[in-house]
Structures are given as C-alpha cells and as structure tokens.
Amino acid sequence: MREIAVKVNGTERRRSIKDNELLLDFLRERLEVRSVKAACWRGECGLCTLLLNGHLVKSCLVLAVEADGGEVKTVEGITEDGELAPVQKAFVSHGAAQCGFCTPAWVLATHELLKANPHPSDAELVEATSGLVCRCGTYNQIREAVAEVAEAKQRHSKETLPRV
Amino acid sequence: MSFGSPYTTLPDFEYHKPANLDEVLGLLKEYGDEAKLMGGGVGLIAFMKERLMSPAHVIDVKEVKELKQVTRSSGKGLRIGAAVTLSELLEGGALKEEYAVLQEAIARVADPMIRRRATLVGNLCEAIPWVDSPPALMALDAAVDIAGPGGERKVPVESFIRGPVDIDLGPSEMVTAVEIPQAKGTDSAFEKFTGGSEFSLASVAVVLSKEGKNRRAKVVYGAVNSTPIRSEEVEAAIRDGLTPGSARKAAEIATEKVECVDDVLATAAYRKHLLRVVTTKVLRRMMSR
C-alpha cells in the first residue's frame, strides 16, 4: 500500500492504495465518485472517461498511482456555483439520454470539445467522441444538444462583437 | 488471446517511476523478465487484465525525458523516442508529407483518448497483428534502437516483430526509440478496412518514389497474417509508375499472392477480397494527388 494525493474536482483527497489499483476503482470505490462508470473495462466504451491533468482519459486504462500529485475532474466538476454547464442544460432539453448510464462521460467529453472548438462540425464531433459508446443510441439527440450550445456560442460572440 | 474475458482487476505488482533512462535500465537489469515497461499502458493494462502478462514489477517510462524526444537530423531522418504518444506525433507535424503513410495510419488508430496515451513504440512492442502503425513503419524501412546490459543494437522493424506478441527483445532490454530513414521524394499512403469495428481486417502501407523507372517501392500488408507482410510482387507491379493499369495489376497480384489467415475476425477468403479493395483504394488515392 502507498498513500497518494489527488485533487478531485478542486478538493485534495488522500487515500492508501495498492499499486495495481485502477484509477477507475480509486474514484468509484475509494472516493465514491459514482458518475465515473465501470462498463467494458477494456478501453472500448469510454464510460469511465474523466479528465486527468487536463486531458480526457479512459480511467479503466490508467493506474491510480499515476494520478498521484495530479488533478482529476469528473462531470461534477464542470458545474459552476451550482449551475449546470450549458451542455448539461442542452442535454436535458434535447433528451440526450435514455437510460443515462453513459451521460456523465458524454457530457464531460462534449463539454471539453466545445471548450477547445466552440463550433465543431459533425465530423469533428464524431471524431472527438469516437471513443464513447451510447448503448441506447441517443447519438442524434447528443448531436442536437451540442449543436445548440455551439449556436448559442455563435450568437453570443456575434452579439458581443465590438461596434465599428 | 481471448480478449473478452471479464477480468476487471490487475495482478499484483510493484510500480516504479524512474526519473531518467539510466534508472530505467538499472531497474530492468535488476528485475529482468519479472519487469514490464509501461508507456501509455493501453496494451500492458489490457494484457494484465487478461492475465496474459503478470509482471512482478511495472516500470512507468511515460515521463522519462530522454524517451520523450522527436529529433530530425539532416541525412538521417526521424528519431522518435519510446515515450512519444501518437497524439504528440500527429500534432507535432513531424510526419506530414514526407511520412504521410505513418501520419495516415496513426490518425485512425482507436480514438483520440487512446491516442493521447498510446505510444508508437508501444504499438510495435505489442506486436498485435491488427495494429496499424507497424506496417507503415515497415514500409518506411524503420528500425528500432534497443538498449540493454549488452550495450546498444539496432534492429529493422521487419525482423523485430517475430510473430503475434513476439518480439526480438531480451529480458533486460528495452526499445528506446524508432528510427525512420529519410523519405524525401517519395509519395506514401495508408489504407485499411475495419468493417466498422476498431480492428483492421486488412491494411496496406505503400511508399513509392515520385519519379523515374525502377523506383524505390515498398508495399506492406497488415492484419491479414500473424505479422505484417511485405509483397515484393506487388512492389514490382508499381515500380515503373502508377497508372490505372499498373494499379489494377497490383490489386490482382495482392489478392492472388499475399497469404492470409482465418481467425475469429475474418476468413482468409474474405481477407483476400479485402486485399484487392485496400490496394485499389490506396493506389487510386495516390494517383489522384
């Protein structure tokens, strides 16, 4: 056993872990962050996606010890002052979930995509989320939700253009 | 390989995070075949879950500075360190144009999250038949740099991969980098067919000089046999230049001559058909450039 310290959604958490522990288990079992889902265990479905030091990773393919001294962000970490992020609101209004099991991963991944690329094309959305599976098949609703946020951003940026 | 068993845990091991290459080599010398190196961990963690590997020591090299470098030297080509990830290569721009075949191959490996962890050298050391970068590296005449207790040696990728999950690497040795010779004046491309899954059922990597008769030509097929295989007969068909006629002939020869295997992913007969498809597609695309 060894003790590791990881900043999770802004709060430092310390736990003793075994060297062979997966980051996925560290989050779910040791810290009880259950939005990180365990599903395929082999890096194919992406439902255990989280941000490790600013990058999206599949936590079933990462050792917990690798996160020592680092920073983890899960879907809980994207709300600000208790208010849902734009992409979360859009997922709700478009019904971009059926069973909802994969929703945390999709919300996190599309939130990150929209941060890096405010107006993703369909092809860019498909490529960026090609590591995620929705077993209910709500891809169309997810696409609509992302498009709504992208359009809102466009409107916003047009409205705030400086007058000349 | 079973790939499908429901293991969700890893065997017990001790984790090491050496600070530099000397420390890595020291640990390898100490633990020998009880140790495995981990780059992105994508392959190793999957292998460990399946209990195909149960190392007592895991040595994490992903932040070892000496292994993070991509260097380009005039006359020598490109040297890619063992801890350089696929995303770093795609975004770094070192592969563009001159090494188009490798750029195209790794741009379609798995998904962006996996590419951010997986390394090129890790791809090679896994030696899984359906991985896409080894055929591209073979077509570019790449070689691996190996370090170990007996000093350093350099081995062509072609002989480094001996079989599925079988590489020319001693217990205390490690691959420190992959070296790709200059490919200026060549045109190259990669094509694969996956049938919608993430595993290639047939892939092809082509490198061809742009000018002249009797050109440098290398054609390597992946995912159809236990290792990537080169076809000198297909190369001969395009050595004097690409025309609709030579491309058709090359596709014909590929489907006739390249040996394919039956496995859980596809039959040999289907793979034979796919050889014609991927050869035609890749050569047509090269002609239209």
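## A tour of two chains and their contacts

Begin with chain A of this predicted model, where 13 residues of domain 1 of chain A are in contact with 12 residues of domain 2 of chain A. Selecting the elements that give two or more residues to the domain 1 side of this contact brings up β3 (49-52) and β4 (55-58) of chain A. Of these, β3(A) supplies the largest share of the side of domain 1 that touches domain 2, namely three residues. If you colour that side of domain 1 of chain A by class, you should find seven nonpolar, four polar and two charged residues.

To see the two bodies on either side of this contact, select residues 2-78 of chain A as domain 1 and residues 86-159 of chain A as domain 2. The C-alpha centres of the two domains of chain A are 23 Å apart.

**Chain A as a whole**

Now show all of chain A as a cartoon, in which five helices and five strands can be picked out. Followed along the sequence, these elements of chain A come in the pattern β-β-α-β-β-β-α-α-α-α. The C-alpha trace of chain A spans about 60 × 40 × 25 Å along its principal axes, and its radius of gyration is 17 Å, in agreement with the value near 15 Å that a compact globule of 164 residues would have. Buried residues account for 45% of the 164 residues of chain A. Among the contacts in chain A that link residues at least 6 apart in sequence, 60% join residues at least 24 apart.

**Helix α1 of chain A**

Next, select residues 23-30 of chain A, which form helix α1, and show the side chains: which of these residues are buried? They are L23(A), L24(A), D25(A), F26(A) and L27(A). With those residues highlighted, add β2 (11-17) and β3 of chain A, against which the buried residues of α1(A) pack. Before leaving the helix, step on to E32(A), just after α1(A), where the backbone takes a positive phi of about 55 degrees.

**From chain A to chain B**

Turn now to the place where the two chains meet, with 21 residues of chain A in contact with 19 residues of chain B. On the chain A side, the elements that give two or more residues are β4 and α4 (122-128) of chain A. The strand β4(A) gives the most to this side, with four residues; β4(A) is also among the elements that give two or more residues to the side of domain 1 of chain A that touches domain 2 of chain A. Coloured by class, the side of chain A that touches chain B divides into nine nonpolar, seven polar and five charged residues.

**Chain B as a whole**

Display chain B alone, and 11 helices and 14 strands appear. The radius of gyration of chain B, 19 Å, is close to the 19 Å that the globule rule gives for 289 residues, so chain B is as compact as a globular protein of that length. The C-alpha atoms of chain B fill a box of roughly 60 × 45 × 35 Å along the principal axes, and 48% of the 289 residues in chain B are buried. Of the contacts in chain B between residues at least 6 apart in sequence, 62% join residues at least 24 apart.

**A four-stranded sheet in chain B**

Within chain B, select the open sheet of four strands, whose order is β11-β12-β13-β14 and whose pairing is antiparallel. Which strands stand at the edges of this sheet? They are β11 and β14 (229-230) of chain B, and each has a single partner strand, so one side of each is left without a neighbour in the sheet.

Helix α4 (residues 100-107) of chain B packs on this sheet, touching β11 and β12 of chain B, with its direction at about 20 degrees to that of β11(B). Helix α11 (residues 268-287) of chain B also packs on the sheet, where it touches β11, β12 and β13 (217-222) of chain B and makes an angle of about 145 degrees with the direction of β11(B).

Finally, zoom in on β11 (residues 186-193) of chain B, a mostly covered strand in which seven of its eight residues are buried. Eight bridges join β11(B) to β12 (residues 202-209) of chain B, and the two strands run antiparallel. Two pairs can be picked out along them: T186(B) stands opposite S209(B) in β12(B), and A189(B) has V206(B) of β12(B) as its bridge partner.

Key. Residues numbered from 1 in each chain as written. Chains lettered and ligands numbered in written order. Predicted model: local features only at pLDDT ≥ 70, side-chain atom pairs only at ≥ 80, totals over all residues. Rg over C-alpha atoms; globule rule 2.2 N^0.38 Å. Buried ≥ 20, exposed ≤ 12 C-beta atoms within 10 Å, placed from the backbone. Contact = placed C-beta atoms within 7 Å. Domains from an automatic or database assignment. Nonpolar A, V, L, I, M, F, W, Y, C, P; charged D, E, K, R; others polar. Pairing = 2+ DSSP bridges. Axes fitted to C-alpha atoms, helices over the stretch in contact; angles between N-to-C directions.
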